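Trainee: Got a minute to go through this one with me? I'd like to take it a residue at a time.

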Amino acid sequence: MEAEDSTREFMRDVKRVIIKVGTAVVSRDDGRLALGRLGALCEQIHELNDMGYEVVLVTSGAVGVGRQRLRYRKLVNSSFADLQKPQQELDGKACAAVGQNGLMALYDTLFSQLDTTSAQLLVSDNDFRDPAFRKQLNENVESLLSLKVVPIFNENDAVSTRKAPYEDSSGIFWDNDSLSALLAMELNADLLVLLSDVDGLYSGPPNESHSELIHTYVKEKHEGLITFGDKSRVGRGGMTAKVKAAVYAAQAGTPVVITSGFVADSIIKVLDGKHIGTLFHQDASKWVPHGEVGAREMAVAARECSRRLQAMSSDERGKILLDVADALEANEKVIIAENEADVALALQDGYERSLLSRLELKPDKIKSLANAVRMLANMEEPVGRILKRTELSEGFVLEKTSCPLGVLLIIFESRPDALVQIASLALRSGNGLLLKGGKEARRSNAILHKVITSAIPKSVGEQLIGLVTSREEIPELLKLDDVIDLVIPRGSNKLVTQIKAATKIPVLGHADGICHVYVDKSADKDMAKQIVLDAKTDYPAACNAMETLLVHKDLVQDGSLNELIVELQFKGVKIFGGPQASALLNIPEASSLHQEYSSLSCTVEIVDDVYAAIDHIHEHGSGHTDCIVTEDRQVAEAFLRQVDSAAVFHNASTRFSDGFRFGLGAEVGISTSRIHARGPVGVEGLLTTRWLARGSGQVVNGDKEIAYTHKELNLQA
């Protein structure tokens, strides 16, 4: 998931781009040219040319290509006796001469297929010592760019006066990375893109699990912390050379991005301001807040604090929650003031009413939240409960116990009340927590986080609950599968889908809340009306609100369906129909039967019977919450048993699908997945299990000296 990066807004003003492609990108492991990657590169440059960018390409790879060709030529021209002798390394300058010809021929062929013209410019270190050359170079490049021609630069290794292209690093430039940095300054480029075989600059070798991708390089912060691995498998300097060139160019005023040449459209994404690669900018140090904590450091701190929380007694953890509840009520006025500022800004920005209703915090809501926290504080201790006791053999007892998951990352939109619920559940379950709320609730989230963490004792540490304030940190957090144990996204279908696609960390949640109410022919009409109205209008923006009303066909004939529609319309609900309902009732047809409105709108469809309703729900529902209204117990049981959703109700509104209403105290979200937790996720959904064994010297020894009893014991010792 590549988010837009506010620090890269300058990209919209970029016109002249220098792209440097390294040998590791140009060639394959066997030394042959990587035709697929080169083709993709040329397509991107062609697209940028058409978009009005001025593109200059600096390419490596000639020496590697020439070496591969000369090795083959030498093999063909060698006798069997020659091949038995020790083989001398081929001359690098000869390799450069042969390879340059083949490399440029390929570029010319690829660009010609795209109706783009390229030009070759070979330069050497000594050329730049001549002011006349530099003047002519600028004029030549300006002329080529004005004609939409792509200049392709390479160091002329074949005639270079340095000892060898891989050894001598003296002079004005010493490889194609430094050449590209030099050209960025000479040609007044707006951006330099260095393509590599990795995603960017890491804090250590990329193949090490604790290495983190650095999105913005800050010299004062990163210079002494980065550990470089081996140099490029085929090029001259690898990442070390790229960083030196990037720092050099950035300090001179040309921003630089190091990114992967293996990823499709990586250059386009960089110019779109996406949060990929590593940015070098002369103002980077100004963008880093004082005392900034990185994603990994925040997650590690949350884990350490959670372990201290788990070591506390149940009463001590309960006392923290009671203090949180008191703090919420004591700070009600300041919380509401900050929330009102968020709501006012959201109104100004034209947000929809459904989002505004989720955003608002009123005094009764804060009181309700505080009461929910107190309910959690007073519930039975969930951590360390013995779930099963088994005697494995005499004097050897095994216990299965409940324990926290570890560190949770919760990403939610709009609803600041979700922060309170989630934080209190984390405290009750002994988990560390990282929270990322929507920008529309920035001030509300900040004050709620401050109020809650102020109630956490220093012996635990307020870092137990971290508040992520930048959207740019999310991609990095989603990579921390060695520190973060579970991600719970609460928000739109788009948000949940993006999160699932961007992480290896287990994700718990639901992408849609398409809830159905089916009114059977035997339903009590007044009851049906009350349930339907409540399910749709009590809180239309909630994920447990009714989105589709299914009605038995017999209720069309007796006028009951028409009465339900009139009641809904009287409450301001806009009605759309499925294929049958729209045809019979002359109402607008729904664009999709898999539709989550999150507003005062709903779909109505007519079905033949309960089994048709079940089939409709399975085909078009989301597995969230579905309800039947009927007086026929047999029909109700068929619905309850066969509808495959997280929550299925008989004669009750779908709005009851909620952690607080289920008596869970609060909920971290509602899960439609079938692994771990399903439905409203309270404290139990944030726990896992572990095994504790108490022995008296038992050893396996091939199971020769142990007599297994496998006897179930009482939970109490």
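**Charge, contacts and a long-range pair**

Mentor: Sure. Asp558 sits in the loop that links helix H22 (554-557) to helix H23 (560-570). Keep in mind that this is a predicted model.

Trainee: Is Asp558 buried, exposed or partly exposed?

Mentor: Partly exposed. Its relative accessible area is 45%, and partly exposed covers the range between 20% and 50%.

Trainee: Which residues form the negative surface patch?

Mentor: Asp558 is one of them. The others are Asp524, Asp526, Asp554, Glu563 and Glu631.

Trainee: New topic. Where is Asn431 found?

Mentor: In another loop. Asn431 falls between helix H17 (416-429) and strand E12 (432-436).

Trainee: Buried or exposed, that Asn431?

Mentor: Buried. The relative accessible area of Asn431 is 0%.

Trainee: What does the side chain of Asn431 reach?

Mentor: The backbone nitrogen of Leu405, at 2.9 Å. There is also Gly406: its backbone nitrogen is 2.7 Å from a polar atom of the Asn431 side chain.

Trainee: Why do those two count as polar contacts?

Mentor: Because the cut-off for an N or O pair is 3.5 Å. The distances here are 2.9 Å for Leu405 and 2.7 Å for Gly406.

Trainee: Switching again. Which strand holds Leu392?

Mentor: Strand E9, residues 386-393.

Trainee: And why is Leu392 called buried?

Mentor: Leu392 has a relative accessible area of 16%, so it falls under the 20% limit for buried.

Trainee: How far is the C-alpha of Leu392 from that of Ala693?

Mentor: The two C-alpha atoms are 9.3 Å apart. Along the chain, Leu392 and Ala693 are separated by 301 residues.

How values were computed. Residues numbered from 1 in each chain as written. Predicted model: local features only at pLDDT ≥ 70, side-chain atom pairs only at ≥ 80, totals over all residues. Heavy atoms only, no water. Patch = residues over 30% accessible without salt bridge, like charges linked within 9 Å, V, L, I, M, F, W, Y side chains within 5 Å. Areas by Shrake-Rupley, 256 points an atom, 1.4 Å probe, with all protein chains shown as cover. Salt bridge = Lys/Arg side-chain N within 4 Å of Asp/Glu carboxyl O. Lys, Arg positive; Asp, Glu negative; His and termini not counted. Charge placed at Lys NZ, Arg CZ, Asp CG, Glu CD. Helix = DSSP H or I, 4+ residues; strand = E, 2+ residues; numbered from the N terminus. Buried < 20%, exposed > 50% of the residue type's maximum accessible area, 1.4 Å probe, protein only. Polar contact = N/O pair within 3.5 Å; in protein donor to acceptor, adjacent residues only side chain to side chain.
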